[in-house]
Amino acid sequence: MKRNLTSIIDVVKLGSGALLPALLLSACATTTIAPGTAAPEAPRPYYPATDIPAEGETAPVGTGNADAADDPAIWRNAANPAASLILGTDKKAGLYVYGLDGTVKDFSPAGALNNADLREVRMADGSTRILVGASDRTDRAEPRIALFGLDGATGKLSVLGSGTFLPAGHAPAEAYGFCMGAPLAAGELARAYVVLKDGTVAESRLVEKAGKIAAEHLRDVKFATQSEGCVVDDVTKTLYVAEEDVAIWKVPLSPTTLTASSYARVGEADGLVDDIEGLAIARNAEGRAWLVASSQGDNAYALFDLATGKPAGRFRINGGAIGGTSDTDGIEVVLGDFGPQYPEGLFMAQDGDNAPKAQNFKLLSWRSIRTALGIR
């Protein structure tokens, strides 16, 4: 039986402990399959996915014979683009740093890290630091944010610690998705968003305290069913969240409350086949931007014009000598010069089946995507 799931957003302001009224966004509808009839096929998007070969890949993660690789992050070295660094989680073991050639620069055995993101932040002493964060699910009952410093010159990670971020009395929950955004108030290094497995998205601010970086929980927004992928658009101060079987939600980061509205939904019209997994934003020098989503159910990636939400094309990583991707969880994309192989930008995707080797991450040039889909 295939269900059209309902989604109810509970908006919670935890700073004062006041519960705001729930926002009902859609009504429940269930499709019943009569005895002896076949179940309906998975939704077929009305526009096809274009095959684009991978142009690079990382070394496999260390955990073999398991669903282990999960989510990538990208740091662009503006001074030397070809020396940029890419990161990826092994959700059974820790966090990897790779060069653009896919070789391992460093590994931190930090435990069960699921999703990762990074930001360049301005410290109190005026220095700039590459801050890496990840959802730490080592303790499935107590969600944590794992924090690292990344040395852009050497590719080495320094462990900054793993701290809890939920207020006392919160029910046990598993850290799952993770993304970071620019600071929204004075005294902050960044904002961090942990997507708990029950659909709660917990917002924290990252601040310096006694020479260390701490996460201070601020407020939540809750989705009805399991969610994971998220990304922040720093330009418009908007959070996007993937409720896996239902929709991508748009959450403006207003100073007071977090209220969600539907951005794109599972089904033919938007070209998304559940699960919706990783989300990423590509923004060019002219300010045009696209939201990219992992349409895991048909091993594809869907693009949307970020401003309008209109579909802008779909592609699969397929063909070529390196091999394609399937069952992709996390993705990332950053536009700009990454050297001669990736002159306009870099797209990364987790590969759920890299047999006979362990899972890894595939790399693709933004120019290849842009050209294949005819976008400008």
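A pocket is an open set of points on a 1 Å grid over the protein atoms alone, with protein on both sides within 12 Å along at least five of seven lines, and its lining residues have an atom within 4 Å of a point. A volume is the space filled by probe spheres set on the points, which are joined across faces, edges and corners. The model is predicted: local features need pLDDT of at least 70 and side-chain atom pairs count only at pLDDT 80 or more, while totals for chains, interfaces and linings use all residues. Residues are numbered from 1 along each chain as its sequence is written, and side-chain values use heavy atoms, with hydrogens and water left out.

**Exercise 1. Describe the largest pocket and its lining.**

Step 1. The volume of the largest pocket is about 730 Å³.

Step 2. Its lining comprises 33 residues, of which Leu118, Arg119, Glu332, Val333 and Val334 are the closest to the centre.

Step 3. Two or more lining residues come from each of the strands β8 (69-75), β12 (113-122), β16 (175-181), β20 (227-233), β24 (276-283) and β28 (331-335). Strands (E, at least two residues) and helices (H or I, at least four) are DSSP runs, numbered from the N terminus.

Step 4. By class, the lining holds 21 nonpolar, 3 polar and 9 charged residues. Here Ala, Val, Leu, Ile, Met, Phe, Trp, Tyr, Cys and Pro count as nonpolar, Asp, Glu, Lys and Arg as charged, and the others, Gly among them, as polar.

**Exercise 2. Determine which residues of helix α1 are buried and how they are arranged.**

Step 1. In α1 (residues 366-373), the buried residues are Trp366, Ile369, Arg370 and Leu373. Buried means under 20% relative accessible area, exposed over 50%, and partly exposed in between (1.4 Å probe, protein chains only).

Step 2. Viewed down the axis of α1, these residues fall within an arc of 95°, so they line one face of the helix. The arc is that of the directions from the helix axis to the C-beta atoms.

Step 3. At the N-terminal end, Ser365 caps α1, with a side-chain oxygen 3.1 Å from the backbone nitrogen of Arg367. After α1 comes Gly374, whose phi is positive, near 70°.

**Exercise 3. Trace the salt bridges of Lys91.**

Step 1. The structure holds 21 salt bridges, each a side-chain nitrogen of Lys or Arg within 4 Å of a carboxyl oxygen of Asp or Glu.

Step 2. Lys91 pairs with Asp70, their closest N and O atoms being 3.2 Å apart. Lys91 lies in the loop between β9 (85-90) and β10 (94-99) and Asp70 in β8, so the pair ties together parts 21 residues apart in sequence. Both Lys91 and Asp70 are buried.

Step 3. Asp329 also forms a salt bridge with Lys91, at 3.8 Å between the closest N and O atoms. Asp329 sits in the loop between β27 (311-317) and β28, 238 residues from Lys91. Both Asp329 and Lys91 are buried.

Step 4. Salt bridges that share partners join Asp67, Asp70, Lys91 and Asp329 into one network.

**Exercise 4. Locate the cis peptide bonds at Asp275 and Pro356.**

Step 1. Asp274 and Asp275 are joined by a cis peptide bond, with omega about 10°. Asp275 is found in the loop between β23 (261-265) and β24.

Step 2. The bond from Ala355 to Pro356 is also cis, with omega near 10°. Pro356 lies in the loop between β29 (345-351) and β30 (360-365).

How values were computed. A polar contact is a pair of N or O atoms within 3.5 Å; within protein, one must be able to donate a hydrogen and the other to accept it, and residues adjacent in sequence count only if both atoms are side-chain atoms. On a 1 Å grid over the protein atoms alone, a cavity is a set of points where a 1.4 Å probe fits but cannot get out, and a pocket is an open set with protein on both sides within 12 Å along at least five of seven lines; lining residues have an atom within 4 Å of a point.
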